[in-house]
Amino acid sequence: MRDTLGPTGLVGVALVLLAVGLLTAYDPVVGGGVALLLAGLGLIAKGVADSAMRTFGLK
């Protein structure tokens with residue numbers, strides 16, 4: 001995973017997880033909603049990346 005994201009990406013992932021954890025500790029319902037939102041955005045980004053790779057014949 002370090003090769004894919006690099007050090008900056010790993011710090012970004014850690015910050016996102018920390019932010020969701022703090023929000024969940026403060027208000028579990030809102031924290032759960034934000035976690036679902038981030039998961040959905042991740043799936044959308046994966047779909048767009050896969051589609052672009054298929055367009056260029058890389059997958």
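**Two helices in a predicted model**

Visitor: Is Val16 buried, partly exposed or exposed?
Guide: This is a predicted model, and its value for Val16 is 39% relative accessibility. Buried needs a value under 20%, and exposed needs one over 50%. Val16 falls in between, so it counts as partly exposed.

Visitor: Which helix holds Val16?
Guide: The chain has two helices and zero strands. Residues 2-26 make up the helix that contains Val16. That helix is H1.

Visitor: Is the chain spread out or a compact globule?
Guide: For 59 residues, the globule rule gives 10 Å. The radius of gyration of the chain is 15 Å, well over that. So, set against a compact globule, the chain is more spread out.

Visitor: What does the C-alpha trace span along its principal axes?
Guide: Three spans describe the C-alpha trace, one along each principal axis. They come to about 45 × 25 × 10 Å.

Visitor: What share of the 59 residues is buried?
Guide: A residue is buried when its relative accessible area is under 20%. Asp50, at 14%, is one that counts. Buried residues make up 7% of the chain.

Visitor: What share of the accessible surface belongs to carbon and sulfur atoms?
Guide: The accessible surface of the chain comes to about 4800 Å². The share of carbon and sulfur atoms in it is 75%.

Visitor: Which residue forms a salt bridge with Asp50?
Guide: The count for the model is one salt bridge. Its closest N and O atoms are 2.8 Å apart, which is within the 4 Å cut-off. The partner of Asp50 is Lys46.

Visitor: How many residues apart are Asp50 and Lys46?
Guide: Both residues lie in helix H2, residues 28-55. An α-helix has 3.6 residues a turn, so residues three or four places apart point the same way. Asp50 and Lys46 are about one turn of the helix apart, and the count is four residues.

Visitor: Is Lys46 buried, partly exposed or exposed?
Guide: Its partner Asp50 is buried, at 14% relative accessibility. Lys46 has 49%, so it counts as partly exposed.

Visitor: Which helix gives the most to the nonpolar surface patch?
Guide: The patch is formed by Val16, Leu37, Leu38, Leu41, Ile44 and Val48. Together they have about 540 Å² of accessible area. Val16 is found in H1. Five residues come from the top contributor, H2.

Visitor: Is Ile44 buried, partly exposed or exposed?
Guide: Ile44 is a member of the nonpolar patch and is found in helix H2. Its relative accessible area is 54%. That is over the 50% cut-off, so Ile44 is exposed.

Visitor: How far apart are the end C-alpha atoms of H2?
Guide: H2 has 28 residues. At 1.5 Å a residue, they should span 40 Å. The model agrees with that, at 41 Å.

Visitor: Which residue just after H2 takes a positive phi?
Guide: H2 covers residues 28-55. The phi in question is about 75°. It belongs to Gly57.

Visitor: How far apart in space are Leu5 and Leu43, C-alpha to C-alpha?
Guide: Leu5 is found in helix H1. In sequence, Leu5 and Leu43 are 38 residues apart. In space, C-alpha to C-alpha, they are separated by 17 Å.

Visitor: Which residues does Leu5 touch, not counting residues up to four places away in sequence?
Guide: Leu5 counts as partly exposed, at 38% relative accessibility. A contact needs heavy atoms within 4.5 Å. With residues up to four places away left out, Leu5 touches Leu10 and Val13.

Definitions and conventions. Residues numbered from 1 in each chain as written. Predicted model: local features only at pLDDT ≥ 70, side-chain atom pairs only at ≥ 80, totals over all residues. Heavy atoms only, no water. Rg over C-alpha atoms; globule rule 2.2 N^0.38 Å. Buried < 20%, exposed > 50% of the residue type's maximum accessible area, 1.4 Å probe, protein only. Areas by Shrake-Rupley, 256 points an atom, 1.4 Å probe, with all protein chains shown as cover. Salt bridge = Lys/Arg side-chain N within 4 Å of Asp/Glu carboxyl O. Patch = residues over 30% accessible without salt bridge, like charges linked within 9 Å, V, L, I, M, F, W, Y side chains within 5 Å. Expected span 1.5 Å × (residues − 1).
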